[in-house]
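Biologist: I'm new to this structure and would like a close look at a single part of it. Could you pick one spot, walk me through it, and then show me how it sits in the rest of the chain?

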Amino acid sequence: MNASAAPVVAPHQVAATPHGPMRPADRPRGLPGAVLLLVAMAVLHTGGALATELFDSLGPAGTTWLRLSFAAVFLLVFTGRSLWRVVRAASRADLIVTVALGSVSAGMMLLFSESAARLPLGTATALEFLGPLTVAVAGSRRPRELAWLALAAAGVLLLTSPWTGVTDSAGVLFGLGSAVCWALYVIGTAHVGSRFSAQHGLALSLAVAAVVAAPFGAAETVVNLDWKVAAAAAGIAVLMPLVPFLLEMKALQRMTKTTYGTLAGLEPAVSLLAGVLLISQTPTAVQAAGTVLVVMAGIGAARRETGR
């Protein structure tokens, strides 16, 4: 969200850097992207669950803005002069796309927080997950892959159970809005991440996201902030978005956006587990079944992409 810049480079592609094309020897090495993404998900949803505890004090938008601001400051201090050199060397087009990506990241996090304030954490995440799953299915270019979207939609219906009349419709709409932003986020990272390092791309996009989110959450935060809440928000900012976004960016340097979108199918299950363990959000049997369907859709799309 979960949300800010990372490349999506397929094995046959040659990515560009501010200094020219990236040679094969320059491509990211280390842990596989899938491992980094799984760790990022675990950290992200731990932070997401803990962040809901601040909603009563700061509101969803205020909590999101404060976390984004702390994360941006941390990274701006960390990157220091090197970031300024990168900005000066970047083209206007690259900077414009980075600003757009930061704006999308702000929207993704703001909308998700509003959804999570009204719906169980696992349900909000399942709604948001429709975004990257749509990107994954679209990337496969095979009409029959639409079956995975249909399966995910069935899971979301079970999670929200609109026929009961008790589901918060605003929460569902916020979740769907976050899904759109997440889809745009996956697409946008292909450009930004191929031109900036993970830490520089993230520093720029988070700074933009904090500015974009300020009109929605700054006023409420300033009025209700005390040092205990500020300290808690700073700690949560490390868990969400700082560390997971950085890991996610590095992961996206080692996989295609289709692989990313399908592996993210585990997000609803991880989020549901975090809600159970950290904030005592126990799902009903129907909600658990809905989560299983959404995860199956993600795994099924992933197996199709790898030809298994």
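Modeller: Let's start with Glu 267, a residue that is buried yet has no salt bridge. The nearest side chain of opposite charge belongs to Arg 67, and that one is 12 Å away. A salt bridge would need a side-chain nitrogen of Lys or Arg within 4 Å of a carboxyl oxygen, so Arg 67 at 12 Å doesn't make one with Glu 267. Do keep in mind that this is a predicted model.

What does the side chain of Glu 267 touch, then? It shares a polar contact of 2.3 Å with the side chain of His 45.

Now zoom out a little. Glu 267 belongs to helix H10, which covers residues 267–279. Leu 273 has its place in helix H10 too, and here the picture changes: Glu 267 is buried, but Leu 273 is partly exposed, because its relative accessibility is 47%, and that falls between the 20% and 50% cut-offs. Leu 273 also helps to make a nonpolar surface patch of about 420 Å², together with Leu 50, Val 276, Leu 277 and Leu 278. H10 gives this patch its largest share, four residues.

For a second buried spot, have a look at His 200 in helix H7, which runs over residues 198–224. His 200 counts as buried because its relative accessibility is 10%, and the limit is under 20%. Its side chain has a polar contact as well, this time with the side chain of Ser 82, at 3.0 Å.

And what about the nonpolar inside? The largest nonpolar core has 61 residues. Leu 68, Leu 133, Trp 182, Tyr 185, Leu 202, Leu 206 and Phe 245 are the ones with the most contacts inside it. Helix H2, residues 55–89, supplies the largest share of this core, with 10 residues.

Finally, here's the whole chain. It has 11 helices and two strands, and if you read along the sequence, the pattern is β-β-α-α-α-α-α-α-α-α-α-α-α. Of the 308 residues in the protein chain, 52% are buried. The chain exposes about 13400 Å², and carbon and sulfur atoms supply 68% of that area.

So if you go back to your starting point, look for Glu 267 in helix H10, with the side chain of His 45 in polar contact at 2.3 Å.

Note on methods. Residues are numbered from 1 along each chain as its sequence is written. This is a predicted model: local features need pLDDT of at least 70, side-chain atom pairs count only at pLDDT 80 or more; totals for chains, interfaces and linings use all residues. Side-chain values use heavy atoms; hydrogens and water are left out. Buried means under 20% relative accessible area, exposed over 50%, partly exposed in between (1.4 Å probe, protein chains only). Lys and Arg count as positive and Asp and Glu as negative; His and the chain ends are not counted. A polar contact is a pair of N or O atoms within 3.5 Å; within protein, one must be able to donate a hydrogen and the other to accept it, and residues adjacent in sequence count only if both atoms are side-chain atoms. Accessible areas come from the Shrake-Rupley method with a 1.4 Å probe; for residues, only the protein chains shown count as cover. Patches are made of residues with over 30% relative accessible area and no salt bridge: like charges are joined within 9 Å, nonpolar side chains (Val, Leu, Ile, Met, Phe, Trp, Tyr) within 5 Å. A nonpolar core is a set of buried Ala, Val, Leu, Ile, Met, Phe, Trp, Tyr and Cys residues joined through side-chain atoms within 4.5 Å.
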